Amino acid sequence: MNDESMPSIYEIFDYWKDEKIKEIEIVEDYYYPRCWACDKEIKHNEKSEDLKIIWNSVKCRLNRCHIIAKSLNGNNDVSNLFLLCENCHAQSPDTKDKSAFMLWVYLKRKTYSLGFNFFAIQDEIKTLIEILNIDLDEMERILKKRNEKLKDILKNDEMTRHCGSISSSSVIYLVMIKIKKMIDDDKGIF
Ligand SMILES: [Zn+2]
């Protein structure tokens with residue numbers, strides 16, 4: 001990846017910035033770099049408004065990924081490079097077919113937001129509710145009643161970042177366990 005002949009992150013951004021895959025804009029906000037597949041935020045501390053400075057500042061955390069695999073004669077043109085987080089880079093297709101790559105990106109963008117797979121999370125939450133034996137009506141009642149407390153869960157010091165970001169499992173498991181506890185505590189009062 002340190003190949004001198006590779007275009008910079010900014011050059012790749014500049015090429016793709018107004019492109020779409022079907023209805024999906026590849027770059028939604030020029031000033032906030034994200035993974036172009038899973039939509040994970042790539043934080044930067046640049047105060048500058050200069051897009052070149054902003055995009056090039058995240059080069060350690062956004063990988064320059066070949067659309068047609070390099071080992072299958074994919075070149076280093078900006079048109080064959082795409083900006084992905086490290087996880088997505090590892091998962092992306094390595095083929096000779098550009099449309100396989102783009103279809104993969106499209107599906108990622110349809111199912112992921114901010115780096116989380118919301119479809120998978122839905123199933124995970126449903127299963128957790130079953131395992132923890134949480135009554136849905138009780139849960140709704142508690143959530144309405146203790147909304148503020150739930151927000152505190154996400155702010156408190158009971159979870160930490162892993163490789164720079166909070167994992168979806170930290171949020172889901174902590175929140176669900178807290179909800180279960182709130183329901184039990186509430187039952188204890190009455
Ligand atoms: Zn990603």
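Here are three short exercises on a predicted model, each with a worked solution.

**Exercise 1.** Find the buried residues of helix H1 (residues 9–16) and work out how they sit around the axis.

*Solution.* Start by picking out the buried residues: they're Ile9, Ile12 and Phe13. Next, look down the axis of H1. These residues cover an arc of only 100°, so they end up on the same side of the helix. Now check what lies over them: the cover includes helix H2 (51–56), strand S3 (63–66) and strand S4 (81–84).

**Exercise 2.** Sort Leu81, Phe82, Leu83 and Leu84 by the way they point from S4, then find the partner strand.

*Solution.* Begin with a rule of thumb: side chains in a regular strand alternate between the two faces of the sheet. Then try it on S4. Leu81 and Leu83 point one way, Phe82 and Leu84 point the other way, and all are buried. For the partner, go to S3, which pairs with S4 in the antiparallel sense over four bridges. Within this pairing, Arg64 stands opposite Leu83.

**Exercise 3.** Place Leu83 in the largest nonpolar core and list its contacts beyond four places in sequence.

*Solution.* First, take the core itself. It has 23 residues, and Leu83 is among those with the most contacts inside it, a group that also includes Trp36 and Phe82. Second, ask where the core comes from: H1, H2, S4 and helix H4 (98–111) each supply at least two residues, with S4 giving the most, four. Third, list the contacts. Leaving aside neighbours within four places in sequence, Leu83 touches Ile9, Ile12, Phe13, Trp36, Leu62 and Arg64. Three names should ring a bell from Exercise 1: Ile9, Ile12 and Phe13 are the buried residues of H1.

Notes. Residues are numbered from 1 along each chain as its sequence is written. This is a predicted model: local features need pLDDT of at least 70, side-chain atom pairs count only at pLDDT 80 or more; totals for chains, interfaces and linings use all residues. A residue is buried if 20 or more other C-beta atoms lie within 10 Å of its own, exposed if 12 or fewer, and partly exposed in between; C-beta atoms are placed from the backbone. The arc is that of the directions from the helix axis to the C-beta atoms. Two residues are in contact if their C-beta atoms, placed from the backbone, lie within 7 Å. Two strands pair if DSSP finds at least two bridges between them. A nonpolar core is a set of buried Ala, Val, Leu, Ile, Met, Phe, Trp, Tyr and Cys residues joined through C-beta atoms within 7 Å.
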